[in-house]
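Notebook open, model loaded. I wanted to see how the strands pair up and where the nonpolar side chains go.

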Amino acid sequence: GPIHFPSLNEEGQGVSAVVSALFEIGLESAMDNSERWVPERSTAKVLGQRAKQLENDGQCIGPMGPWPNAAYGGEVLIWTASCGHDGYGSEYPMVRARGLLPTS
């Protein structure tokens, strides 16, 4: 269900509803793996090479499993999409990137 943020007064409830709706739209967009996301040129190349390796010898570098578009090593994978809604800022493309952050 929707996420509701606590508000301190009546005006805060309206702000809370707006923030909640924006959060839900953002989460839906981030989790969407549909065809509307177009891989950037180098991303398409990396994913294409993985698919060819898998077809040729049954093995490939990088994760394929249930998440075939995961980053591996130093890769940064980038996709763009058009916003599926009208409104402020909808004329700008959405960008999604995946990569691994080194941690200690």
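Before counting anything, I fixed the term: two strands pair if DSSP finds at least two bridges between them. I also noted that this is a predicted model.

Entry 1, strand pairing. I looked up strand 2 and strand 3 (residues 94-99), which run antiparallel and are joined by six bridges. Within that pairing, Thr80 has Val95 of strand 3 as its bridge partner. Then I checked strand 1 (residues 38-39): it pairs with strand 2 in the antiparallel sense too, over two bridges. There, Val38 is bridged to Thr80. So I have Thr80 down twice, once with Val38 and once with Val95.

Entry 2, faces of strand 2. Which residues are on the covered face? I found Leu77, Trp79 and Ala81 there, while Val76, Ile78 and Thr80 make up the uncovered one. In a regular strand the side chains alternate between the two faces of the sheet.

Entry 3, the core. I pulled the largest nonpolar core and got seven residues: Trp37, Val46, Ala71, Leu77, Trp79, Ala81 and Met94. Strand 2 (residues 76-81) gives the largest share of this core, three residues. I then followed Ala81: skipping its neighbours within four places in sequence, Ala81 is in contact with Arg36, Trp37, Pro93 and Met94.

Entry 4, the surface. I found a nonpolar surface patch of about 320 Å², made by Phe23, Leu27 and Met31. Leu27 is in helix 1 (residues 10-31). Is Leu27 buried, partly exposed or exposed? I put Leu27 down as partly exposed, because its relative accessibility is 43% and the partly exposed class lies between 20% and 50%.

Notes
Residues are numbered from 1 along each chain as its sequence is written. This is a predicted model: local features need pLDDT of at least 70, side-chain atom pairs count only at pLDDT 80 or more; totals for chains, interfaces and linings use all residues. Side-chain values use heavy atoms; hydrogens and water are left out. Patches are made of residues with over 30% relative accessible area and no salt bridge: like charges are joined within 9 Å, nonpolar side chains (Val, Leu, Ile, Met, Phe, Trp, Tyr) within 5 Å. Accessible areas come from the Shrake-Rupley method with a 1.4 Å probe; for residues, only the protein chains shown count as cover. A salt bridge is a side-chain nitrogen of Lys or Arg within 4 Å of a carboxyl oxygen of Asp or Glu. Helices (H or I, at least four residues) and strands (E, at least two) are DSSP runs, numbered from the N terminus. Buried means under 20% relative accessible area, exposed over 50%, partly exposed in between (1.4 Å probe, protein chains only). A nonpolar core is a set of buried Ala, Val, Leu, Ile, Met, Phe, Trp, Tyr and Cys residues joined through side-chain atoms within 4.5 Å. Contact means heavy atoms within 4.5 Å.
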